[in-house]
Amino acid sequence: VARALLHTGTPLGIIPLGTANNLADALHIPTDVEAACALIATGVPHAMDAGLIDGRPFFEAVSLGVAAPFFPLAEATRHHGLAGVWRAIVQGAPMLLRSRRTVVYVEADGKRRRRLEAWEITVANIPSTALHLAIAPGARLDDGQLDVVINAESHAWQFIRDVLALL
């Protein structure tokens, strides 16, 4: 969708029926389908930035690191409420403890490359992702900037502590 709409000026109407509805949440779109449709019908657009990773546009966020295996667990929490959250924690903690930090090289604004070992690197256009984790609280969809969040804690327990603090 992002690729098809980029640079066209064509508005995107969002009806929040996804897993976490991050984009809708960032745009303050109501979760009620009728209310979301009524908002679309007003025809009042909201400007939105897009990021590019390897030439592929995105509206929300892109992550590198240990988060990918946890997306199915996040889906389970949506359908099973608090029981799903506890199940995700019980299933996710051992996966996280087996995980290792990813080695990346970061270059920003043409400045020198820096080698990092990180659990997670997120390039965000929105303030929260996944289970409404406030990964980049200052991120805004229309400020012309992307927020880069790097979690390079030295131990898995520190990373788990940070994720729990976000929850």
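Me: Does Glu-117 count as buried, partly exposed or exposed, and at what relative accessibility?
Reply: The general idea is a scale: under 20% relative accessible area is buried, over 50% is exposed, and anything in between is partly exposed. Glu-117 has a relative accessibility of 32%, so it counts as partly exposed. Keep in mind that this is a predicted model.

Me: Which residue forms a salt bridge with Glu-117, with the closest N and O atoms 3.2 Å apart?
Reply: Start with the principle: side chains of opposite charge can pair when their charged atoms come close. Here the partner is Arg-101, with 3.2 Å between the closest N and O atoms. Arg-101 sits in the loop between helix 4 (71-98) and strand 4 (102-106), while Glu-117 belongs to strand 5 (residues 114-118), so this pair ties together parts that are 16 residues apart in sequence. Like its partner, Arg-101 has its own accessibility value: a relative accessible area of 28% makes it partly exposed.

Me: What else forms a salt bridge with Glu-117, at 3.3 Å?
Reply: That would be Arg-115, whose closest approach to Glu-117, N to O, is 3.3 Å. Arg-115 is partly exposed as well, at 47% relative accessibility.

Me: How many salt bridges does the count come to?
Reply: Three. Besides the two we just went through, the side chains of Asp-142 and Arg-140 meet in a salt bridge at 3.1 Å, N to O. Asp-142 counts as partly exposed with 34% relative accessibility, and Arg-140 is partly exposed with a relative accessible area of 48%. Salt bridges with shared partners also link Arg-101, Arg-115 and Glu-117 into one network.

Me: Let me step back for a moment. How many helices and strands does the secondary structure of the protein chain come to?
Reply: Five helices and seven strands. Reading from the N terminus, the order is α-α-α-β-β-β-α-β-β-β-β-α. The chain has 167 residues, and 29% of them count as buried.

Me: Is Asn-22 buried or exposed?
Reply: Compare its value with the 20% cut-off. Asn-22 comes in at 11% relative accessibility, so it is buried. This residue lies in helix 2, and its side chain makes a polar contact of 3.2 Å with the side chain of Glu-60.

Me: What happens at the start of helix 3?
Reply: Look for a side chain reaching towards the backbone. In this model, a side-chain oxygen of Asp-32 comes to within 3.3 Å of the backbone nitrogen of Glu-34, at the start of helix 3 (residues 33-41). After helix 3 comes Gly-43, which has a positive phi near 70°.

Me: Which residue other than glycine has a positive phi, near 60°?
Reply: His-28 does. You'll find His-28 in the loop between helix 2 and helix 3, and its 69% relative accessibility makes it exposed. Asp-54 is another non-glycine with a positive phi, about 50°. Asp-54 is in the loop between strand 1 (51-53) and strand 2 (56-58). With a relative accessible area of 77%, Asp-54 is exposed.

Me: Which residues make the nonpolar surface patch of about 330 Å²?
Reply: Here you look for nonpolar side chains that sit together on the surface and have over 30% relative accessible area. Ile-15, Leu-17, Val-33 and Ile-40 form this patch. Take Ile-15 as an example: it is partly exposed, at 38% relative accessibility. Ile-15 lies in the loop between helix 1 (2-5) and helix 2 (22-26).

Me: What about empty space? Which residues lie nearest the centre of the second largest pocket?
Reply: Rolling a probe the size of a water molecule over the atoms shows where empty space is left. For the second largest pocket, that space is about 670 Å³. Its lining takes in 26 residues, with Pro-11, Leu-12, Pro-45, His-46 and Met-48 nearest the centre. Helix 3 gives the most to this lining, with three residues.

Terms used: Residues are numbered from 1 along each chain as its sequence is written. This is a predicted model: local features need pLDDT of at least 70, side-chain atom pairs count only at pLDDT 80 or more; totals for chains, interfaces and linings use all residues. Side-chain values use heavy atoms; hydrogens and water are left out. Patches are made of residues with over 30% relative accessible area and no salt bridge: like charges are joined within 9 Å, nonpolar side chains (Val, Leu, Ile, Met, Phe, Trp, Tyr) within 5 Å. Accessible areas come from the Shrake-Rupley method with a 1.4 Å probe; for residues, only the protein chains shown count as cover. A salt bridge is a side-chain nitrogen of Lys or Arg within 4 Å of a carboxyl oxygen of Asp or Glu. Helices (H or I, at least four residues) and strands (E, at least two) are DSSP runs, numbered from the N terminus. Buried means under 20% relative accessible area, exposed over 50%, partly exposed in between (1.4 Å probe, protein chains only). A polar contact is a pair of N or O atoms within 3.5 Å; within protein, one must be able to donate a hydrogen and the other to accept it, and residues adjacent in sequence count only if both atoms are side-chain atoms. On a 1 Å grid over the protein atoms alone, a cavity is a set of points where a 1.4 Å probe fits but cannot get out, and a pocket is an open set with protein on both sides within 12 Å along at least five of seven lines; lining residues have an atom within 4 Å of a point. Grid points are joined across faces, edges and corners, and a volume is the space filled by probe spheres set on the points.
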